[in-house]
Amino acid sequence: MFAGAYTLASTACGTNPFDLDWQVSPDTAFVYSMSRPELNLPTAYDLVFEKQVLIQTAGATGTWDFALDHRGDGLALLPPGVFGIVSTAQITSLGSSLRFEDVVRAPTDTTLYVSDEPMMMELGNVYVLRTHRRAAAGPFGETCFFYAKLQPLVIDVEDGILTFVFDRNPLCSDPELVPKEN
């Protein structure tokens with residue numbers, strides 16, 4: 001009875017305590033190719049915590065969403081499944097027909113994503129990623145994955161460096177890539 005009355009009262013006032021507010025906040029980052037000869041370079045990225053990852057560090061397994069490596073004459077993102085690591089991390093390319101700002105929703109059809117093969121990086125393409133699961137990330141303690149969009153800014157094949165812009169929806173398993181307008 002109390003929960004129903006609270007929901008009705010909060011709806012009547014125009015606010016829902018379960019609506020979590022977030023804002024578009026694109027950021028840039030970079031990672032190095034695993035093919036570089038130097039040791040201890042961040043070759044992977046964790047979109048959940050928005051940080052570079054040294055995949056050879058103890059405890060790093062399962063805590064990143066893609067690594068970078070040379071493939072053929074280019075650079076490719078490698079989801080954890082490429083290495084046999086069980087993860088919900090997946091990548092899809094939306095191609096170059098959309099601008100980064102125009103991508104407002106992640107595809108929810110999981111058959112459009114790859115989880116165990118490289119995704120070649122191309123300037124102008126926009127990519128959507130589904131992250132690895134994070135325990136107790138949701139407001140009610142559930143495990144969550146998140147959706148993010150990414151676009152390469154600089155693909156330096158010779159030096160093995162990818163610089164990219166990305167943005168991630170902070171809401172648990174929500175495919176929207178821009179906040180809903182109230």
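Two aromatic rings, from Phe, Tyr or Trp, count as a pair if their centres lie within 6.5 Å. Keep that in mind as we walk through this predicted model.

**Aromatic rings**

Let's start with the rings. Eight aromatic pairs are found in the structure. One of them brings together F66 and F164: the ring centres are 5.7 Å apart and the planes meet at 70°, so the pair is edge-to-face, because an angle over 60 degrees earns that name. This pair links distant parts of the chain, since F66 belongs to strand 4 (residues 66–71) and F164 to strand 10 (residues 161–168), 98 residues apart. Are F66 and F164 buried or exposed? Both F66 and F164 are buried. The two rings also have company, as Y45, F66, F164 and F166 form one aromatic cluster.

**Charges over rings**

Next, look for arginines that lie over the face of a phenylalanine ring. Here are two cases to find in the structure.

| Arginine | Ring below | Distance to ring centre |
|---|---|---|
| R130 | F145 | 4.2 Å |
| R168 | F146 | 4.8 Å |

**The disulfide**

How many disulfides does a search of the whole structure find? The search finds one. This disulfide joins C144 to C172, with an S to S distance of 1.9 Å. It links distant parts of the chain: C144 is in the loop between strand 8 (126–130) and strand 9 (147–156), while C172 is in the segment after strand 10, 28 residues apart. The link of C144 and C172 is left-handed, with -105° about the S-S bond.

The two cysteines have their own surroundings. C144 has 0% relative accessibility, so C144 counts as buried. C172 has 25% relative accessibility and therefore counts as partly exposed, because buried means under 20% and exposed means over 50%.

**Strand 8 and its partners**

Now move to strand 8, where five of the five residues are buried. Both faces of this strand are covered: V126, V128 and R130 lie on one side, Y127 and L129 on the other, and all are buried. R130 is the arginine you met over the face of F145.

Which strands pair with strand 8? One is strand 6 (residues 90–95), which pairs with strand 8 in the antiparallel sense over five bridges. Within that pairing, Q90 stands opposite R130. Another is strand 9, which runs antiparallel to strand 8 and is joined to it by four bridges. There, L129 stands opposite A148 in strand 9.

Methods
Residues numbered from 1 in each chain as written. Predicted model: local features only at pLDDT ≥ 70, side-chain atom pairs only at ≥ 80, totals over all residues. Heavy atoms only, no water. Phe/Tyr/Trp six-rings, centres within 6.5 Å; stacked < 30°, edge-to-face > 60°. Helix = DSSP H or I, 4+ residues; strand = E, 2+ residues; numbered from the N terminus. Buried < 20%, exposed > 50% of the residue type's maximum accessible area, 1.4 Å probe, protein only. Lys NZ or Arg CZ within 6 Å of the ring centre and 35° of its normal. Disulfide = S-S within 2.5 Å. Pairing = 2+ DSSP bridges.
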